[in-house]
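Thank you all for coming. I would like to take a few minutes to walk you through one chain, going from the whole fold down to single residues.

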Amino acid sequence: MAQDNFSRVTEFILLGLSDTQELQLLFFTFFLLAYAMVLMGNLLIIVTVRTDPKLSSPMYFLLCNLSFIDICYTSVTIPRVVVALLSGHKAIAFEGCMAQLFFLHFVGSSEMFLLTVMAFDRYMAICRPLHYTAIMARGACWALVAACWLGGFIHSIVQTVLILQLPFCGPNMIHSYFCDVPPVVRLACIDTTLTEWLMASNSGLISLACFLVLVASYTLILAKLRAHLSQGHWKALSTCTSHVMAVTLLFMPCIFTYLRPAGTLPTSKYVCVIYTIFSPVMNPLIYTLRSSEMKESMWRL
């Protein structure tokens, strides 16, 4: 059958995490509280960094951008989930689904690139302190952040274009609470093997490559710190440990979800909760509680 003969799906149904009424009320409370924590925690970080001249180092500049990305990232999915759980309306238009998928990968991949830049920043500060000021100047930081957003845009536009080439003629039930590549691709009316491998090569390899760079950076940092266990290096070690916790919380579920074709194994929608909700909620805690300067500035604010 020719692709033109397919009747185009005009909307998808997001089945969410559960059909049970009691659990839906529990999930509504969970998503609402999580979104409130993300907004309050990250806005507090942004205001603190922007108002305190003592927090003018590249590390806090990048942290401020990470907080902004986390707000954008959760705003792509959580508000709509909260409204759907409250109203019971689970349908999403085809165009809205594609827009959600695009912005989710745009902001999500930008965050991965930014975390990689933050690991590079910590590597230069600890392992190359004499060159740190020259390399991580404010202009260079802005250029690195812009490169993260550009890389995220290119990645996301490729994903979206590949999906828009697929015909969707039914069914239209998405077994998740948001539109993402694996559950949407499974609904296509043609064999998507090639498309799935292309998408796995795009999303999966980006996640894996960034994670390996992060692991290499923190391994070099830890090797450097092992030979110098002064008070300052213990503080750096504590900071790096918290960063490793944050990146593991984000990257491992993403690698599990995207580094394989969509049809090989069912993707657990509960795994998606880790990198779409838990990671943004934990980031403000992980990146600020280990920093005495940030805590002191917050108390002053």
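Of the 301 residues in the chain, 51% are buried, and I should say at once that what you see is a predicted model. As for the surface, the chain exposes about 14300 Å², and 71% of that area is supplied by carbon and sulfur atoms.

Turning to the fold, the chain is built from 10 helices and three strands, and if you read along the sequence they follow the pattern β-α-α-β-α-α-α-β-α-α-α-α-α. The radius of gyration is 21 Å, close to the 19 Å that the globule rule gives for 301 residues, so the chain is as compact as a globular protein of that length. Along its principal axes, the C-alpha trace spans about 70 × 40 × 30 Å. If we take the contacts in the chain with a separation of 6 or more, residues 24 or more positions apart account for 82% of them.

On charge, the chain carries 17 positive and 14 negative charges, and the mean positions of these two groups are 14 Å apart.

Next, the annotation. An unreviewed UniProt entry lists several spans under "transmembrane region", among them residues 141-164 and 204-225; such annotations may be inferred rather than shown by experiment. In the model, residues 141-164 are 100% helix and 0% strand, with their end C-alpha atoms 35 Å apart. Residues 204-225 are likewise 100% helix and 0% strand, and here the end C-alpha atoms lie 31 Å apart.

Let me now take two single residues, beginning with Ala 147, which is found in helix α5, covering residues 138-164. Is Ala 147 buried or exposed, or something in between? Its relative accessibility is 44%, and because partly exposed covers the range between 20% and 50%, Ala 147 counts as partly exposed. Ala 147 and Ala 119 are 28 residues apart in sequence, and their C-alpha atoms are 15 Å apart in space.

The second residue is Ser 279, which lies in helix α9, residues 269-289. With a relative accessible area of 1%, Ser 279 falls under the 20% cut-off and is therefore buried. Which residues does Ser 279 touch, once we leave out those up to four places away in sequence? They are Ala 246, Leu 249, Leu 250 and Ile 274.

So, to put the two side by side, Ala 147 in helix α5 is partly exposed, whereas Ser 279 in helix α9 is buried.

Note on methods. Residues numbered from 1 in each chain as written. Predicted model: local features only at pLDDT ≥ 70, side-chain atom pairs only at ≥ 80, totals over all residues. Heavy atoms only, no water. Helix = DSSP H or I, 4+ residues; strand = E, 2+ residues; numbered from the N terminus. Buried < 20%, exposed > 50% of the residue type's maximum accessible area, 1.4 Å probe, protein only. Contact = heavy atoms within 4.5 Å. Rg over C-alpha atoms; globule rule 2.2 N^0.38 Å. Areas by Shrake-Rupley, 256 points an atom, 1.4 Å probe, with all protein chains shown as cover. Lys, Arg positive; Asp, Glu negative; His and termini not counted. Charge placed at Lys NZ, Arg CZ, Asp CG, Glu CD.
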